[in-house]
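The exercises below ask you to work with the sequence and the model side by side. Try each task before reading its solution.

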Amino acid sequence: MSVAELKERHIAATATVNSLRERLKQRRQLLLDTDVAAFAKSQGRSAISFSSTDLICCRTLQGHTGKVYSLDWTPERNRIVSASQDGRLIVWNALTSQKTHAIKLQCPWVMTCAFAPNGQSVACGGLDSACSIFNLNSQVDRDGNIPVSRILTGHKGYVYSCQYVPDQETRLITSSGDQTCVLWDVTTGQRISVFGGEFPSGHTADVLSVSINSSNSNMFVSGSCDMTARLWDTRIASRAVGTYHGHQGDVNTVKFFPDGQRFGTGSDDSTCRLYDMRTGHQLQVYSQQHEGDDNDVPIVTSIAFSISGRLLFAGYSSGDCYVWDTLMAEVVLNLGTSQNSHEARISCLGLSSDGSALCTGSWDKNLKIWAFGGHRKVI
Amino acid sequence: MAAEEGSGAPPSPRPRSPPRYPDLCGRHRLQAEVQLLSREISFLEEELQSVEGLQPVSACCKEIDDYVGANPDPLIPIFKKRNKHRCIWRWLRAMVCCNPTRTCCSGDQSCRRKRPSCTCKQNWSCPSCCACTQRNCCKVPCSRLQCAVPTLSCPGYSCGCVCSCSFGRKVCLCPRCLCCIS
């Protein structure tokens, strides 16, 4: 086939794709009979009422000498691992604020960290395009550092996000600037599956975040600079199960809703959105009017749902940390204006496994833990 | 130069334009893109078919509403009481709050006013409502100590009390202020 013919085919195929996308959008529009907030209001619900002292900062974890980029809770024992621009991982005891481990990294440009399900290992990744695994029980070397126990190499771009598969110490998923996600066997260091990349239906830009479904660990969702979130089945690497459109900017963060049937996203377009995994519907947009010009619109850097799903915590580049009432789509609290709040961008946040505390990490070099300090009305 | 022309010598070499090779890279790239677009078309057609049988958004909203309403949340001011297990915290609170005047704060404004200056040593009226940042509230000597596994939901945790443990996994819990002490 000649180049001219190929060009004609390309133009025709592009037109077909655009037409199909438009038809799909219109069909979905017909099913958008309401959203979460309108439905909740129709059921007579009202927004959660917080006083300024209900969620308080009860711990400030100080020790990093650079911006905090990432954090993760361990499923038990109440420990947190954090990664920072200072090139270190620190493991904290959230109850006592003490540092239990400080790991100096060979590559200081770390962007993500994660705790293994058993709490015995931590993983991190960054601009070295690799994911390093450290066993916290290892003997330290001559310099007092914990040696790396495994390096997962294979990505062709930076590693931006990583998460262990729940209840599987040996499986880890990473997302990368090479537009792929990879499922790894940590024991052998081998790639089990590559999601995206040369296969179509993968992301077409850097992948910034992953979230694994705790109700069904075969499913995970990824967020990308291509403004979409995609759902993957780890057993089928050849194509994404679903692609979720709507955002107008990079999707920086994704997190499954506690019921495992929905997931939330946060984006450079300053909104969070809630999608239904099975139907692909966009169920709600969480958007706040911001003062100032359009160039100062804060981006959403990180999100987490409370254990019931009623609260959506969203960290922003402005230093705000909005607590959204998920059902009413209203901001019920701003931890960014609370006493002892962070003084710079919130870069990461996460909820403890029992849902009783939220940890936020910031470019002000600190982590803070927030817990309920108010009155609880029992009904 | 004049001598060369006069003698009939071959003309001096001149650089030639590079041969015109076919644009294989562009052709291959186009072919790959057309294949990708074809696959994308089939995915979109599949998705169009699947949309036909989908439930509307309202059905999803109801599922979310039902789910959220059914689960307690430790970070929300109002939650439904769990009847499954007796929580050690409620047992301890019951021990402390046996006197109605000393019951745990339940919205009493006078209790709220006392909170900023948490004095667990003397103030019995807000045993579980301490929002202070004074760690010394946890060092009150107590006659009755109860051992409990420290957790983030420990009422004293949000108070800023440090639950440092020197008894293995458990800490000694002062039932007076419900703060963890070392």
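**Exercise 1.** In which strand of chain A does A:Asp325 lie? Work out its burial and its surroundings as well, bearing in mind that this is a predicted model.

*Solution.* Begin with the secondary structure: A:Asp325 belongs to strand S24 of chain A, which covers residues 321-325. Next, consider accessibility: the relative accessible area of A:Asp325 is 0%, and because buried means under 20%, this residue counts as buried. Then follow the side chain, which reaches the backbone nitrogen of A:Met328 at a distance of 3.2 Å. Finally, list the contacts beyond four places in sequence: A:Asp325 touches A:Ser46, A:Ala47, A:Ile48, A:Tyr286, A:Arg310, A:Glu330 and A:Val332.

**Exercise 2.** Classify the ring pair of A:Tyr286 and A:Trp324, and then that of A:Phe257 and B:Tyr67, as stacked, tilted or edge-to-face.

*Solution.* As a starting point, a search of the whole structure finds 13 aromatic pairs over all chains. Taking the pair between chains, the ring centres of A:Phe257 and B:Tyr67 are 6.0 Å apart and the planes stand at 55°, so this pair is tilted. A:Phe257 is in the loop between strands S18 (251-256) and S19 (262-267) of chain A, whereas B:Tyr67 is in helix H3 of chain B, residues 57-70. The two partners can then be assigned by accessibility: A:Phe257, at 2%, is buried, while B:Tyr67, at 24%, is partly exposed.

Turning to the pair within chain A, the rings of A:Tyr286 and A:Trp324 have centres 5.6 Å apart and planes at 65°; because planes over 60 degrees apart count as edge-to-face, the pair is edge-to-face. This pair links distant parts of the chain, with A:Tyr286 in strand S21 (residues 282-286) and A:Trp324 in strand S24, 38 residues apart. Both A:Tyr286 and A:Trp324 are buried.

**Exercise 3.** Which charged residues lie over the ring of A:Trp363, and at what distances from its centre?

*Solution.* Take the lysine to begin with: A:Lys67 lies over the face of A:Trp363, at 3.9 Å from the ring centre. Then take the arginine: the charged end of A:Arg345 sits over the ring of A:Trp363, 4.2 Å from its centre.

**Exercise 4.** Place A:Arg150 in its sheet, and describe what its side chain reaches.

*Solution.* Start from the strand: A:Arg150 lies in strand S9 of chain A, residues 148-153. The sheet to examine is an open one of 4 strands in chain A, with the order S6-S7-S8-S9 and antiparallel pairing. Its edge strands are S6 (110-115) and S9, each of which pairs on one side only, and the twist averages 20° from one strand to the next. Strand S8 (residues 130-135) is joined to S9 by 5 bridges, the two running antiparallel, and A:Ile133 stands opposite A:Arg150.

Now look at the residue itself. A:Arg150 has 31% relative accessibility and therefore counts as partly exposed. Its side chain reaches the backbone oxygen of A:Thr187 at 2.4 Å, and the C-alpha atoms of A:Arg150 and A:Thr187, 37 residues apart along the chain, are separated by 8.0 Å. Besides A:Thr187, the contacts of A:Arg150 beyond four places in sequence include A:Cys131, A:Ser132, A:Val186 and A:Gly189.

Note on methods:
Residues are numbered from 1 along each chain as its sequence is written. Chains are lettered from A and ligands numbered from 1 in the order in which they are written. This is a predicted model: local features need pLDDT of at least 70, side-chain atom pairs count only at pLDDT 80 or more; totals for chains, interfaces and linings use all residues. Side-chain values use heavy atoms; hydrogens and water are left out. Buried means under 20% relative accessible area, exposed over 50%, partly exposed in between (1.4 Å probe, protein chains only). Contact means heavy atoms within 4.5 Å. A polar contact is a pair of N or O atoms within 3.5 Å; within protein, one must be able to donate a hydrogen and the other to accept it, and residues adjacent in sequence count only if both atoms are side-chain atoms. Rings of Phe, Tyr and Trp (its six-membered ring) pair if their centres lie within 6.5 Å; planes under 30 degrees apart count as stacked, over 60 as edge-to-face and the rest as tilted. A charge sits over a ring if NZ of Lys or CZ of Arg is within 6 Å of the ring centre and within 35 degrees of the ring normal. Two strands pair if DSSP finds at least two bridges between them. Axes are lines fitted to C-alpha atoms, for helices over the stretch in contact, and angles run from 0 to 180 degrees between N-to-C directions.
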